[in-house]
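Trainee: I have a structure open on the bench computer and would like to go through it with you, one question at a time. Could we begin with single residues and then turn to how the parts are arranged?

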Amino acid sequence: MRKWYVPLAVLGVAGLGALLLTERGRQTLRWLSENLQRAVEWNEAAQRELDRIQVALNRVADSLEAVR
């Protein structure tokens, strides 16, 4: 396995260089950053909605306990 460290490191550095130094690579990085921001925003909105649902379920559970 040790004999693969250097070739894999060279491939990794070459891949990073291709991303950073080529226009296509920079476009790909821009696209990823834009979509990552959208995913984070969607995740936050989904979490807020789940929190609202949890509050509503807690109210229903409280009202059902009061009926007993």
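Trainee: Is Gln-27 buried, partly exposed or exposed?

Mentor: Please keep in mind throughout that this is a predicted model. Gln-27 is found in helix H2, and its relative accessibility is 39%. Because buried means under 20% and exposed means over 50%, Gln-27 counts as partly exposed.

Trainee: How many Å separate the C-alpha atoms of Gln-27 and Val-10?

Mentor: Along the chain, Gln-27 and Val-10 are 17 residues apart. In space, the separation of their C-alpha atoms is 23 Å.

Trainee: How are H1 and H2 oriented where they pack, roughly parallel or roughly perpendicular?

Mentor: The axes of H1 and H2 lie 5 Å apart, and the two helices pack at an angle of about 85°. Angles of 65 to 115 degrees fall into one class, and therefore H1 is, with respect to H2, roughly perpendicular.

Trainee: Which residues in H2 are met by residues in H1?

Mentor: On the H1 side, the residues that take part are Ala-18, Leu-19, Leu-20 and Leu-21. Their partners in H2 are Glu-23, Gly-25, Arg-26 and Leu-29.

Trainee: Which helix gives the largest share of the nonpolar patch on the surface?

Mentor: The patch is formed by Leu-16, Leu-19, Leu-20, Leu-21, Leu-29, Trp-31 and Leu-32, which together have about 710 Å² of accessible area. Two elements, helix H1 (5-21) and helix H2 (23-67), each give two or more residues to the patch. The largest share, at four residues, comes from H1.

Trainee: Is Leu-16, as a member of that patch, buried or exposed?

Mentor: Leu-16 is found in helix H1, and its relative accessible area is 52%. Because the class in question begins over 50%, Leu-16 is exposed.

Trainee: Turning to charged side chains, how many salt bridges does the structure hold?

Mentor: As background, side chains of opposite charge can pair when their charged atoms come close. One pairing joins Arg-26 and Glu-23, at 3.0 Å from N to O, and these residues both lie in helix H2, three residues apart, about one turn of the helix. Another is formed by Arg-52 and Glu-49, at 2.7 Å from N to O. In the structure, the number of salt bridges is three.

Trainee: Which residues are linked in a network of salt bridges?

Mentor: Glu-23 forms a salt bridge with Arg-30, with 3.7 Å between the closest N and O atoms, and the side chain of Glu-23 also meets that of Arg-26 in a salt bridge. The members of the network are Glu-23, Arg-26 and Arg-30.

Trainee: Into which class of accessibility does Glu-23 fall, buried, partly exposed or exposed?

Mentor: For its partners, the relative accessible area is 33% for Arg-26 and 42% for Arg-30, and each of them is partly exposed. Glu-23 has a relative accessibility of 41%. Because that value lies between the cut-offs of 20% and 50%, Glu-23 counts as partly exposed.

Trainee: What is the separation of the C-alpha atoms of Ala-14 and Glu-49?

Mentor: Ala-14 is found in helix H1, whereas Glu-49 lies in helix H2, three residues from Arg-52. Along the chain, Ala-14 and Glu-49 are 35 residues apart. Their C-alpha atoms are separated by 43 Å.

Trainee: Finally, how far apart in space are Arg-59 and Val-10?

Mentor: Arg-59 is found in helix H2 and, at 58% relative accessibility, counts as exposed. Arg-59 and Val-10 are 49 residues apart in sequence. In space, from C-alpha to C-alpha, their distance is 59 Å.

Notes
Residues numbered from 1 in each chain as written. Predicted model: local features only at pLDDT ≥ 70, side-chain atom pairs only at ≥ 80, totals over all residues. Heavy atoms only, no water. Patch = residues over 30% accessible without salt bridge, like charges linked within 9 Å, V, L, I, M, F, W, Y side chains within 5 Å. Areas by Shrake-Rupley, 256 points an atom, 1.4 Å probe, with all protein chains shown as cover. Salt bridge = Lys/Arg side-chain N within 4 Å of Asp/Glu carboxyl O. Buried < 20%, exposed > 50% of the residue type's maximum accessible area, 1.4 Å probe, protein only. Axes fitted to C-alpha atoms, helices over the stretch in contact; angles between N-to-C directions. Parallel < 35°, antiparallel > 145°, perpendicular 65-115°, else oblique. Contact = heavy atoms within 4.5 Å.
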